[in-house]
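Work through the exercises below with the sequence and the 3D view side by side. Try each task before reading its solution.

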Amino acid sequence: MAPIIAPSILAADFANIQKEVEMLNESSADWIHIDIMDGMFVPNISFGMPVLAAIQKHAKKPLDVHLMIEQPERYVETFKKLGADTISVHYEACPHLHRNLQQLRDLDCRVGVALNPHTSVELLADTLQDIDLVCMMSVNPGFGGQKFIEQTYQKVRKLRAMAEAQNTPLHIEIDGGVNSENAPKLIEAGADVLVAGSFVFRAEDPIATIAGLKG
Ligand SMILES: O=C(CO)[C@@H](O)[C@H](O)COP(=O)(O)O
């Protein structure tokens with residue numbers, strides 16, 4: 001099956017955000033990946049609600065919101081109201097993860113958990129049944145344009161095996177440094193959602209690049 005492609009808007013030209021979103025609407029991208037950074041959980045600030053509202057106004061594809069923020073429970077309802085279809089909170093930012101997952105389930109969005117590169121997939125063993133998507137960071141979160149961490153393949157294989165052993169459907173999304181070279185290997189390892197920022201938006205032909213990732 002073809003992977004779900006979710007270009008990361010972080011790499012887009014924010015001075016031309018409408019044009020960029022319209023390009024994604026025309027393309028074979030499935031979702032639009034939205035990186036929210038608070039300058040605390042990660043050492044960078046991306047953008048917040050007004051920019052997301054502007055994106056949502058033009059987007060015809062589901063919004064996949066990745067919250068790189070502390071205490072995400074403060075804002076998930078707002079992000080849902082702004083059109084989020086998937087919301088991922090970070091495992092490392094949630095000492096009461098089970099409660100966070102319940103909150104997302106009650107909001108009726110796809111329930112996502114993001115894992116930093118150092119966080120072991122085994123830590124999700126007892127909550128996997130409550131999760132729809134794991135956003136596996138394949139770079140340290142906070143910045144686009146970083147080098148893919150090779151250890152990711154092994155983590156994907158382990159997580160896919162865990163989901164199969166528990167007989168639970170699970171999207172495994174890879175986020176960071178995704179390109180045409182690692183994409184097929186990630187799919188083969190068990191991933192089914194690919195986030196790509198720089199590889200798409202810095203390409204000469206982003207629409208063809210998205211189609212290429214989709215294979
Ligand atoms: O969450 C993040 C970074 O923290 C990612 O979504 C990046 O924005 C992906 O960008 P590239 O690595 O593909 O440039």
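**Exercise 1. Find the residues that the UniProt annotation "active site" covers, and decide whether they gather at one spot.**

Step 1. In an unreviewed UniProt entry, "active site" covers D35 and D175. UniProt positions follow the numbering used here, feature names are shortened, and annotations may be inferred rather than shown by experiment.

Step 2. The two span 141 residues in sequence, yet their C-alpha atoms are no more than 10.4 Å apart, so they gather at one spot.

Two ground rules apply. Numbering starts from 1 along each chain as its sequence is written. The model is predicted: local features need pLDDT of at least 70, side-chain atom pairs count only at pLDDT 80 or more, and totals for chains, interfaces and linings use all residues.

**Exercise 2. Place D35 and D175 in their strands, then classify each as buried or exposed.**

Step 1. D35 sits in strand β2. D175 belongs to strand β7, residues 171-175. Strands (E, at least two residues) and helices (H or I, at least four) are DSSP runs, numbered from the N terminus.

Step 2. Apply the burial rule: buried means 20 or more other C-beta atoms within 10 Å of the residue's own, exposed means 12 or fewer, and partly exposed lies in between, with C-beta atoms placed from the backbone.

Step 3. D35 has 24 other C-beta atoms within 10 Å, so D35 is buried. D175 has 26 C-beta neighbours inside 10 Å, so D175 is buried too.

**Exercise 3. Add the UniProt "binding site" residues and trace the contacts of H66.**

Step 1. The unreviewed entry puts "binding site" at H33, D35, H66 and D175. They span 143 residues in sequence, but no two of their C-alpha atoms are more than 10.4 Å apart, so these residues also gather at one spot.

Step 2. H66 lies in strand β3, residues 63-68. H66 counts as buried because 28 other C-beta atoms lie within 10 Å.

Step 3. Contact means C-beta atoms, placed from the backbone, within 7 Å. Leaving out residues up to four places away in sequence, H66 touches H33, D35 and D175, among others. On the same terms, the partners of D35 include S8 and H66.

**Exercise 4. Describe the shell around the ligand.**

Step 1. The ligand is surrounded by 22 residues, the closest being S8, P141, G144, G197 and S198. The criterion is a C-beta atom, placed from the backbone, within 6 Å.

Step 2. β2 (32-37), β8 (193-196) and α7 (198-201) each supply at least two shell residues.

Definitions and conventions:
Nonpolar A, V, L, I, M, F, W, Y, C, P; charged D, E, K, R; others polar. Contact = placed C-beta atoms within 7 Å.
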